[in-house]
Amino acid sequence: MSWIAVCDVSQVQENFPYSARVKDTEIGIFLVDGQYYAMEDICPHAYALLSQGFVEDGKVECPLHEALFDIRTGKCLREPGGRDLKTYPTRLNENQIEISLIEE
């Protein structure tokens with residue numbers, strides 16, 4: 001598995017995810033209960049960065065039309081999300097959060 005450094009742990013907080021472009025893919029890095037998660041950062045319904053949405057209880061709400069996604073699994077919990085989101089493996093390497101673009 002190939003790992004790519006995305007950001008420093010200090011750049012991600014429970015209510016303030018980090019947005020990054022990794023190899024032409026918009027990725028949101030989220031912190032939920034002490035664990036880091038990575039998933040697509042673009043809402044499939046309309047172009048909006050989910051990392052700019054409302055984060056609470058392990059879920060993120062799209063800032064445009066209130067679609068709701070589970071951060072841990074990418075599952076669409078409320079329409080108009082349209083589909084589940086791709087998630088990506090994460091790991092810590094010293095203070096860096098790394099992801100693998102191989103989908104889970």
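Trainee: Which residues touch the most other members of the largest nonpolar core?

Mentor: A general idea helps here: in soluble globular proteins, nonpolar side chains tend to be buried together. In this predicted model, the largest nonpolar core has 15 residues, and M39, L50, V60, F69 and I71 touch the most other members. The elements that give two or more residues to this core are β3 (25-32) and β4 (35-40).

Trainee: What does L50 touch?

Mentor: Leaving aside residues up to four places away in sequence, L50 is in contact with F30, M39, E40, D41, I42, C43, V60, C62, F69 and L85. There is also a second, separate core of 13 residues, and V12, V22, I27 and I97 are among its members.

Trainee: Let's turn to the strands. What is the order of the strands in the open sheet?

Mentor: First the general picture: strands of a sheet pair through backbone hydrogen bonds, either parallel or antiparallel. Here three strands form an open sheet in the order β1-β11-β10, and their pairing is antiparallel. β1 (4-8) and β10 (90-93) stand at the edges with a single partner strand each, so one side of each has no neighbour in the sheet. From one strand to the next, the twist averages 35°.

Trainee: How many bridges join β10 to β11?

Mentor: Four bridges join β10 to β11 (residues 96-99), and the two strands run antiparallel. You can follow the pairing residue by residue: R91 stands opposite E98, and N93 stands opposite Q96. Together β10 and β11 form a hairpin with two residues between them. In that turn, E94 has a positive phi of about 60°.

Trainee: What does the UniProt record place at residues 4-99?

Mentor: The unreviewed UniProt entry places the feature "domain: Rieske" there. In the model, the end C-alpha atoms of residues 4-99 lie 5 Å apart, and the span is 0% helix and 48% strand.

Trainee: Now the charged side chains. How many salt bridges are there?

Mentor: To read one, look for a side-chain nitrogen of Lys or Arg within 4 Å of a carboxyl oxygen of Asp or Glu. By this rule there are six salt bridges. One of them joins the side chains of E40 and R83, at 2.9 Å from N to O. This pair links distant parts of the chain: E40 is in strand β4 and R83 is in the loop between β8 (76-78) and β9 (87-88), 43 residues apart.

Trainee: Is E40 buried or exposed?

Mentor: E40 is buried, because its relative accessible area is 11% and buried means under 20%. Its partner R83 is partly exposed, at 37%.

Trainee: Where are R78 and E61, which meet in a salt bridge?

Mentor: R78 is in strand β8 and E61 is in strand β6 (residues 59-61), 17 residues apart. Their side chains meet at 2.7 Å, N to O. R78 counts as partly exposed at 34% relative accessibility, and E61 is partly exposed with a relative accessible area of 22%.

Trainee: Which residues are linked in a network of salt bridges?

Mentor: R21, D24 and E26 are linked in such a network. Within it, the side chains of R21 and E26 meet at 2.5 Å, N to O. R21 counts as exposed at 53% relative accessibility, whereas E26 is buried at 18%.

Notes. Residues numbered from 1 in each chain as written. Predicted model: local features only at pLDDT ≥ 70, side-chain atom pairs only at ≥ 80, totals over all residues. Heavy atoms only, no water. Pairing = 2+ DSSP bridges. Axes fitted to C-alpha atoms, helices over the stretch in contact; angles between N-to-C directions. Core = buried A, V, L, I, M, F, W, Y, C linked by side-chain atoms within 4.5 Å. Buried < 20%, exposed > 50% of the residue type's maximum accessible area, 1.4 Å probe, protein only. Contact = heavy atoms within 4.5 Å. UniProt positions renumbered as here; feature names shortened; annotations may be inferred.
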